[in-house]
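User: I should like to go through this structure by question and answer. Please begin with the terms that the discussion of strands will require.

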Amino acid sequence: MNAQVQDWDDLRLFLAVARAGSLSGAARVLGVTHSTVFRRIGAFEQRMGVRLFDRLPGGYALTTAGEEMRDSVLRIEEEVAALAMKVTGQDQRPSGMIRITATDLLAVGVLPRHIAAFRTQWPGIEIEVVVADTVLDLTRREADVALRLGNPGQETLVGRRVGRLAFAVYVAPGPYAREQGDPTHGDWIGYGAAHGPLSRSLARWWPQMRQVYRTNSIIAAHAAAQAGVGLAALPCVVADCDPALVRAASLPEDFMLDLWILTHEDLRHTARVRIFVDFMAAALAADADLLEGRCPCKARPAEA
């Protein structure tokens with residue numbers, strides 16, 4: 001390797017391709033086009049004077065030189081991320097950008113009105129929401145704050161449980177609802193392995209349930225239920241506010257998922273991050289009745 005690496009962006013690009021194993025996967029992560037990744041990775045290899053990837057029918061595989069570079073660049077990435085965390089953590093201005101990651105359910109069904117209220121109170125702080133079912137890595141600054149369901153399980157993250165998300169069974173109203181309202185015999189909208197705890201619980205409660213439609217997205221399941229595809233287990237915070245749905249049944253057990261708000265320990269004292277985390281924790285605590293399925297208008301299953 002007889003050339004100098006001139007740009008940290010080149011190393012980020014290299015790592016993205018190495019992690020994804022494809023140009024298209026790296027392009028999605030970096031938010032650029034496939035052709036841009038192709039052009040830049042070729043130029044990077046040319047400057048370095050070595051082939052870093054083998055182009056295979058199934059994707060891009062690291063060469064021996066590429067593996068050595070990956071190991072070195074990973075160490076550099078850790079150092080850059082640690083430095084950025086420490087510098088950002090000293091920023092006490094209530095302004096700037098906060099990057100938030102959340103699933104589609106939380107990004108669509110929970111966050112918008114709270115972010116609107118936050119922006120009214122703190123107009124100098126800008127918000128970017130990254131909708132992702134995969135868990136973005138806060139330690140690599142892929143996001144500053146995460147709103148997640150379930151136990152975070154990472155030692156370098158700090159945060160708090162800010163609520164619990166209740167689910168119930170919903171169906172579109174109308175003549176079809178009477179037939180569909182029986183969870184034992186009605187058509188179901190299922191989730192498969194994408195939402196493991198919920199899918200396993202539904203299969204245990206109603207082993208004979210007939211799943212006629214499956215999706216990896218709760219928001220997509222919500223839309224399918226609105227259209228009359230069948231019964232769906234949906235979070236009460238979304239479905240109870242929807243006049244196009246009625247509760248067909250409660251879940252046999254008190255099924256709830258913990259809702260956490262998290263950030264990296266080096267960012268916890270950054271003004272804009274601290275302000276947002278405190279604001280959101282208070283807002284979600286005030287939403288406890290709605291999050292936990294105690295909305296008065298939908299507290300009882302619809303009558304047949």
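Analyst: Two strands pair if DSSP finds at least two bridges between them. Helices (H or I, at least four residues) and strands (E, at least two) are themselves DSSP runs, numbered from the N terminus. This is a predicted model, in which local features need pLDDT of at least 70, side-chain atom pairs count only at pLDDT 80 or more, and totals for chains, interfaces and linings use all residues. Residues are numbered from 1 along each chain as its sequence is written, and side-chain values use heavy atoms, with hydrogens and water left out.

User: In which sense do E1 and strand E2 pair, and over how many bridges?

Analyst: E1 and E2 form a hairpin, with 2 residues between them. Within the pairing, Leu56 has Gly59 of E2 as its bridge partner. E1 and strand E2 (residues 59-62) pair in the antiparallel sense, and the number of bridges is 4.

User: How many helices and strands does the protein chain have?

Analyst: Of the 304 residues in the protein chain, 46% count as buried, where buried means under 20% relative accessible area, exposed over 50%, and partly exposed in between (1.4 Å probe, protein chains only). Among contacts with a separation of 6 or more, 75% link residues 24 or more positions apart; a contact means heavy atoms within 4.5 Å. The secondary structure amounts to 12 helices and 11 strands.

User: What share of the area exposed by the protein chain do carbon and sulfur atoms supply?

Analyst: Accessible areas come from the Shrake-Rupley method with a 1.4 Å probe; for residues, only the protein chains shown count as cover. By this method the protein chain exposes about 15,300 Å². The share supplied by carbon and sulfur atoms is 52%.

User: Which parts does the salt bridge between Glu45 and Arg55 tie together?

Analyst: A salt bridge is a side-chain nitrogen of Lys or Arg within 4 Å of a carboxyl oxygen of Asp or Glu; the closest N and O atoms of Glu45 and Arg55 are 2.6 Å apart. The pair ties together parts that are 10 residues apart in sequence, because Glu45 lies in helix H3 (residues 34-48) and Arg55 in strand E1 (residues 53-56). Glu45 is buried, at 9% relative accessible area, whereas Arg55 is partly exposed, at 40%. The parts in question are therefore helix H3 and strand E1.

User: How far apart in sequence are the parts that Arg161 and Asp258 tie together?

Analyst: Arg161 and Asp258 form a salt bridge whose closest N and O atoms are 3.3 Å apart. Since Arg161 belongs to strand E6 (residues 157-171) and Asp258 to strand E11 (residues 256-264), the parts joined are 97 residues apart in sequence.

User: Which residues do salt bridges that share partners join into one network?

Analyst: A search of the whole structure finds 15 salt bridges. Those that share partners join one network, and its members are Arg164, Asp289, Glu292 and Arg294.

User: Is Ser22 buried or exposed?

Analyst: Ser22 is found in the loop between helix H1 (8-20) and helix H2 (23-30). Leaving aside neighbours within four places in sequence, Ser22 is in contact with Val17 and Tyr60. With a relative accessibility of 19%, Ser22 counts as buried.

User: What is the distance between the end C-alpha atoms of H1?

Analyst: The expected span of a helix is 1.5 Å times one less than its number of residues. The 13 residues of H1 should therefore span 18 Å. The distance between the end C-alpha atoms agrees, at 18 Å.

User: Which residue is separated from Gly96 by 5.0 Å, C-alpha to C-alpha?

Analyst: Gly96 has its place in strand E3 (residues 96-102) and is partly exposed, at 27% relative accessibility. Beyond neighbours within four places in sequence, Gly96 is in contact with Gly124, Ile125, Glu126 and Arg272. The residue at 5.0 Å lies 29 residues away along the chain and is Ile125.

User: Over which residues does pLDDT stay under 50?

Analyst: pLDDT is the predictor's confidence in each residue, from 0 to 100; the protein chain averages 81, and 80% of the residues score at least 70. Where pLDDT is low, the predicted coordinates should not be read in detail. The model has 12 contacts beyond four places in sequence for one stretch under 50 and 14 for another. These stretches are, respectively, residues 1-5 and residues 297-304.
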